[in-house]
Amino acid sequence: MIPQQEFARGERRRTRGNREISGLSSSRARGVQPISLFRACADALAAGADALEERLERERHQLPLFIPVFLGIGIAMWFSLPDLTSWIAAMLTGLAAAMGGVAIGGRTGRCLTVGGLLVAAGVLLAWVHAQGAATPVLKEERFGIPLRAEIVTVEDLQARGRTRVLLAPRSQLPADMRVRISLRGELPPGAGPGALIAIRATVSPPPGPSVPGGYHFARRAWFEGIGATGYALGAPEILRPAQAPRGFRARLDALRTAITRYLQQSVSGRAGGVAAALVTGDRGGIAPEVTESMRDSGLAHLIAISGLHIAVVVGGIFWIVRRLLTLWPWFALHYDARLAASLAGAAAGVAYTLVAGASVPTVRACIAVLIVLFGLAVGREALSLRLVAVGATLILLWRPDFLLSPSFQLSFAAVTGIVALYQSRPGRRWSEARRQGGPLGRAGRGVAALFLTGIVAELTLGGIALYHFNQMGFYGAAANLLAIPLTSFVIIPLLILALLCAPLGLAGPALAGLGLSIEALIVIAERTAALPGAVALMPGMPDAAFALIVLGGLWLCLWQTGWRWFGLVGPLIAAALILTAPRPDIFVAPDGSHLAIVTDDRIYMLRPRAGDYITEMWSSAAGARMADPLDTMPGADCTADACTVALRAEGRVWRILATRSRNLIEMDVMRPLCSASDIVVSDRYLPNWCRGRWLTLDARTLSTTGAVAVDLDHARLRSRAGADGEHPWAL
């Protein structure tokens with residue numbers, strides 16, 4: 001037995017030894033594996049850094065194009081971040097990235113350094129600009145106050161039967177406050193800029209958005225120096241008539257007004273308002289149905305003065321002057337006709353920009369044209385993406401708030417997309433092929449190029465249109481194929497001819513032709529907008545999706561090598577976010593007087609007379625085509641004073657109570673309604689015993705939150721105050 005026991009003990013010792021050896025080997029393996037993994041990661045990072053350095057070296061000529069991009073990112077961060085702490089953190093992050101770039105070195109490090117500094121500079125630039133734009137703002141609504149004020153500007157909204165004036169008060173309100181008042185009809189004689197008037201008006205602070213994240217007039221008014229808005233109660237009394245305009249700005253405004261009225265009155269029918277808009281940028285004379293047709297057909301850019309109009313005017317003047325001067329032998333022998341034509345074209349462009357009101361697209365186009373003319377004068381090809389980048393940078397340095405303007409975004413997106421198309425390798429081959437062959441072949445390729453340009457413009461503008469207007473047209477490329485040549489080669493030349501002949505009394509034929517051609521343009525818009533499926537409506541787009549579309553589009557357009565196609569990833573992710581984004585179920589106005597319930601294809605309005613503006617804004621934000629009274633909604637029970645609604649969402653029934661009159665409801669009637677409701681909405685101050693089980697939005701709460709959108713599926717709400725944060729226009 002002893003030998004057997006010894007043998008068993010020996011076997012156990014050998015087994016333990018084998019286990020210890022195996023464990024030692026495993027521990028050694030475990031010790032070697034992290035080192036190998038670390039080395040592999042380091043090698044991969046080094047290879048990636050080398051590849052990035054090589055890629056940036058190949059794209060070094062494209063790097064300056066990102067100057068306005070990083071500057072714009074910084075500006076956008078200041079507007080989107082809510083408070084002082086976030087703004088400082090954003091600037092410090094940019095500076096930290098710049099310091100990191102210095103440590104990295106090479107072209108990658110330099111790009112990181114410049115990008116970080118531009119982001120920090122963008123945040124600071126927007127911050128300083130907003131503080132410098134400070135203007136007195138009215139704190140509360142004031143009803144029927146008597147105002148003595150001087151008229152600063154006049155805007156004739158002829159198509160709406162109204163006039164809008166900007167006033168500098170002389171009584172009741174601070175003298176440095178600017179008040180925008182709307183009046184019915186036209187002003188009496190003598191009530192122009194510089195006139196002193198007496199008027200009774202109801203004024204209020206500039207309104208915020210009716211939908212959180214929607215059009216923000218209060219923010220725009222802050223940068224335009226408007227401290228109050230309102231409407232007149234009766235006609236104004238002229239205390240001192242307007243004097244002859246003095247100074248360049250006053251004379252320019254008077255000229256713009258005179259041209260606007262002349263075209264509105266001389267061009268017959270609805271074409272007169274469009275004619276005035278094409279020259280002075282004043283769209284007050286365009287009928288609302290014409291504006292809607294132009295927007296739905298993808299032709300709205302034709303009535304907003306931009307690069308197309310400036311290019312036609314300047315190009316026409318350049319061609320005419322150069323042609324005439326080359327026919328003059330003495331001048332052609334002694335001077336440079338191209339330089340003289342460039343100077344004449346530049347003068348025409350600046351003059352047109354000033355007469356058109358110097359809007360964002362007009363200024364951008366004027367800057368671009370001046371750079372192009374400079375390039376032509378010195379014998380260089382100047383039309384490039386660098387031209388677009390210079391124009392964008394100058395405008396952002398001048399007015400950082402323009403970055404949020406749909407006009408800025410649409411104009412630069414279209415130009416960037418089109419120029420990038422024709423500067424790409426396929427675009428250059430296409431351009432070279434267009435110059436070859438016979439006249440018919442060149443004409444056919446020209447038509448195809450125009451159609452391709454329209455498609456590219458629609459693709460670049462579609463995401464921006466969806467974000468701002470919640471709709472996108474599908475036939476814009478086809479409509480532009482007809483409308484752009486009509487506008488460029490017929491309408492604008494006739495406008496110039498009519499204005500040149502007007503002082504001589506010989507503008508009749510030009511005005512007649514102008515009316516017919518503009519009417520043809522309107523018919524194209526109406527026929528296109530009436531086609532089945534011409535417009536796609538979608539609910540509000542998430543901000544993250546819009547940022548991905550913009551950044552992805554810029555990546556695709558600004559790079560030249562193969563990695564540009566990674567820019568498609570941004571729009572693809574954005575599409576997923578848009579399709580999965582929750583749609584609000586309830587909209588509440590900033591004062592609680594209006595409420596809308598959203599269903600699949602329509603919205604139901606609490607008050608039958610909600611007004612066209614708020615109904616249109618809410619329908620657009622919900623992606624709905626129809627708006628009906630809440631009384632007609634299934635599950636709603638309404639009286640003249642209040643409505644109760646049972647709304648099913650996410651497997652449960654939400655009960656909503658909303659008041660809709662100024663009448664007081666008896667306590668024994670109101671108390672049971674309040675206690676049975678999950679959400680209570682009112683434009684009055686509700687007592688403490690009238691509280692919703694989940695949410696109460698009365699005058700007290702809404703004065704802090706502003707407009708509210710409620711998502712019942714996820715039981716959350718979004719407010720205007722949450723988006724505004726500590727920005728100065730919200731304080």
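## Terms and overall architecture

Helices, taken as DSSP runs of H or I with at least four residues, are numbered from the N terminus, and the labels α8 and α21 used below follow that numbering. The structure described here is a predicted model. Its chain has 24 helices and 19 strands, and buried residues make up 43% of the 731 residues.

Among contacts between residues at least 6 apart in sequence, 63% join residues at least 24 apart. The chain exposes about 37,400 Å², of which carbon and sulfur atoms supply 63%.

## Surface patches

A patch of negative charge on the surface gathers Glu289, Glu292, Asp612 and Glu616. Two helices, α8 (288-296) and α21 (612-622), each supply at least two residues of this negative patch. One of the patch members, Glu289, lies in helix α8 and is partly exposed, its relative accessible area being 48%.

A nonpolar surface patch of about 420 Å² is made by Leu84, Ile88, Leu92, Leu95 and Leu117. Helix α3 (residues 84-104) provides the largest share of this nonpolar patch, with four residues. Leu95, which lies in helix α3, has a relative accessible area of 38% and is therefore partly exposed, given that this class covers the range between the 20% limit for buried and the 50% limit for exposed residues.

## Salt bridges across the sequence

The count of salt bridges comes to 20. One of them is formed by Glu519 with Arg270, whose closest N and O atoms are 2.8 Å apart. This pair links distant parts of the chain, since Glu519 is in helix α18 (residues 508-529) while Arg270 is in the loop between α6 (248-266) and α7 (271-280), 249 residues apart. Both partners count as partly exposed, Glu519 at 27% relative accessibility and Arg270 at 29%.

A further salt bridge is formed by Asp543 with Arg718, where the closest N and O atoms are 3.7 Å apart. Because Asp543 lies in helix α19 (residues 543-558) and Arg718 in strand β19 (residues 716-719), the pair ties together parts that are 175 residues apart in sequence. Asp543 is partly exposed at 43% relative accessibility, and Arg718 is partly exposed with a relative accessible area of 41%. Elsewhere, Glu57, Arg60 and Arg107 are linked in a network of salt bridges.

## The loop between α22 and β16

Asp678 forms a salt bridge with Arg693, with the closest N and O atoms 3.3 Å apart. Asp678 is in the loop between α22 and β16, whereas Arg693 is in the loop between β16 and β17 (695-697), and the two are 15 residues apart. The partners differ in burial: Asp678 is buried, with a relative accessible area of 5%, while Arg693 is exposed, with a relative accessible area of 54%.

Ser677 is found in the loop between α22 (667-675) and β16 (679-681). At 4% relative accessibility, Ser677 counts as buried, because buried means under 20% relative accessible area. When residues up to four places away in sequence are not counted, Ser677 touches Arg655, Ile656, Leu657, Gly692 and Arg693. Arg693 thus appears both among the residues that Ser677 touches and as the salt-bridge partner of Asp678.

Note on methods. Residues numbered from 1 in each chain as written. Predicted model: local features only at pLDDT ≥ 70, side-chain atom pairs only at ≥ 80, totals over all residues. Heavy atoms only, no water. Buried < 20%, exposed > 50% of the residue type's maximum accessible area, 1.4 Å probe, protein only. Contact = heavy atoms within 4.5 Å. Areas by Shrake-Rupley, 256 points an atom, 1.4 Å probe, with all protein chains shown as cover. Patch = residues over 30% accessible without salt bridge, like charges linked within 9 Å, V, L, I, M, F, W, Y side chains within 5 Å. Salt bridge = Lys/Arg side-chain N within 4 Å of Asp/Glu carboxyl O. Lys, Arg positive; Asp, Glu negative; His and termini not counted. Charge placed at Lys NZ, Arg CZ, Asp CG, Glu CD.
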